[in-house]
Amino acid sequence: GAPHARAALSSLPGDGSLLVDSTQGPWVVRPDGSKRLLGDWDEASWSPHGLFAVVTRGHELAAVEPDGTVRWALARPAAPRLARWNGPDGYRIAYLEGHRLRVVDGDGSEDRPLAGDAAPIAPAWRPGPGHVLTYATRSGAVVALGADSGKRLFATATGTRVISLQWSGRYLLVARAGRLQLLGRDGRTIRTWTPMPGSRVRAATLAPRGGSLAIVVGDRRQSRVLLLSRDHGARVLFACPGAFAAPRWSPEGRWLLVPWPSADQWLFLRPQGR
């Protein structure tokens with residue numbers, strides 16, 4: 001029912017390729033709309049420059065090339081999940097094994113434990129040198145560690161359940177069901193945002209340059225995609241029945257991709273336009 005809607009994906013409006021998890025496994029979607037299935041993996045995440053993807057399946061953690069070729073693989077006693085590659089050097093990969101946070105070198109060597117009591121959400125690397133890794137505990141605290149030294153750099157107070165963590169430049173976005181927090185590099189709160197009564201935060205993501213924030217909120221009637229910026233406050237980009245998954249910005253920040261699982265569609269929104 002939307003103008004210009006298409007049944008098939010012909011091209012991506014933004015630059016760069018997408019890595020998409022599906023029931024068949026992860027797919028690489030190129031800017032021209034072409035797709036390649038990486039294999040029968042459960043989860044996938046890009047390396048910093050898109051040269052590899054870290055994937056998981058059963059008790060296996062592996063690095064694969066964009067054509068699906070396996071570069072290395074690691075077997076673990078329990079199922080690894082939510083693996084994330086650090087940037088920009090790509091020397092470390094963090095992942096969860098149960099409630100344990102572990103780190104392995106980018107070439108598959110030196111697999112080691114880093115912390116326990118981790119909540120089941122993806123850890124987040126702080127961009128830049130130092131290999132600083134942030135994770136959430138099951139009690140709702142956010143902890144930053146030096147992945148090489150194991151030194152704790154900061155830890156916030158416990159709180160409500162953390163939904164996601166994301167670094168963008170100097171800021172750490174902490175999404176919780178009841179509010180959003182923007183933290184500095186030292187873990188201090190810079191800004192807090194609370195949705196309207198009756199709504200819950202479902203997902204949130206910072207723009208590449210950190211100036212805007214895309215938020216998915218929902219209540220019993222509908223879901224909404226909000227854009228929160230310093231200049232214009234919060235405004236609704238899209239609203240409809242059903243549920244949205246976590247949005248993703250294009251590399252230059254001109255487009256916002258919103259997965260709409262209940263409609264089996266992707267929405268490409270212009271944050272600064274209609």
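Which residue of β15 stands opposite Val143? Select Val143 and look across to β15: the residue facing Val143 there is Ala155. The model on screen is predicted, so local features require pLDDT of at least 70, side-chain atom pairs count only at pLDDT 80 or more, and totals for chains, interfaces and linings use all residues. Numbering starts from 1 along each chain as its sequence is written, and side-chain values use heavy atoms, with hydrogens and water left out.

**First stop: the sheet around β14 and β15**

Keep Val143 in view and add Leu145, which stands opposite Arg152 in β15. Strand β14 covers residues 142–146 and is joined to β15 by three bridges, the two running antiparallel. Strands here are DSSP runs (E, at least two residues), numbered from the N terminus, and two of them pair if DSSP finds at least two bridges between them. Next select the turn: β14 and β15 form a hairpin with five residues between them, and Gly150 in that turn has a positive phi of about 80°.

Now widen the selection to the open sheet of four strands, which follows the order β12-β13-β14-β15 with antiparallel pairing. The edges are β12 (124–125) and β15 (152–155); each has a single partner strand, so one side of each is left without a neighbour in the sheet.

**Second stop: Asp105**

Move to strand β10 (residues 100–105), where Asp105 is found. Asp105 counts as buried because its relative accessibility is 14%; buried means under 20% relative accessible area, exposed over 50%, and partly exposed in between (1.4 Å probe, protein chains only). Display the side chains of two arginines: Asp105 makes a side-chain polar contact with Arg92 at 3.5 Å and another with Arg112 at 3.2 Å. A polar contact is a pair of N or O atoms within 3.5 Å; within protein, one must be able to donate a hydrogen and the other to accept it, and residues adjacent in sequence count only if both atoms are side-chain atoms. Beyond neighbours within four places in sequence, the contacts of Asp105 (heavy atoms within 4.5 Å) include Trp72, Tyr91 and Glu110.

**Third stop: aromatic pairs**

How many aromatic pairs does the structure hold? There are five. Rings of Phe, Tyr and Trp (its six-membered ring) pair if their centres lie within 6.5 Å; planes under 30 degrees apart count as stacked, over 60 as edge-to-face and the rest as tilted. Select Phe52 and Trp85, a stacked pair at 6.3 Å centre to centre with 25° between the planes. Phe52 lies in the loop between β4 (43–46) and β5 (53–57) and Trp85 in strand β8 (residues 80–85), so this pair ties together parts 33 residues apart in sequence. Both Phe52 and Trp85 are buried.

Then select Phe238 and Trp260: their ring centres are 5.9 Å apart and their planes at 70°, so the pair is edge-to-face. Phe238 belongs to strand β23 (residues 233–240) and Trp260 to strand β25 (residues 256–260), so the pair ties together parts 22 residues apart in sequence. Phe238 is partly exposed at 26% relative accessible area, whereas Trp260 counts as buried at 16%. Add Phe244, which ring pairs link with Phe238 and Trp260 into a cluster.

**Last stop: Arg224**

From this cluster, select Arg224, whose contacts beyond four places in sequence include Phe238 and Phe244. Arg224 lies in strand β22 (residues 223–229) and counts as buried at 12% relative accessibility. Its side chain is joined to that of Ser199 by a polar contact of 3.0 Å.
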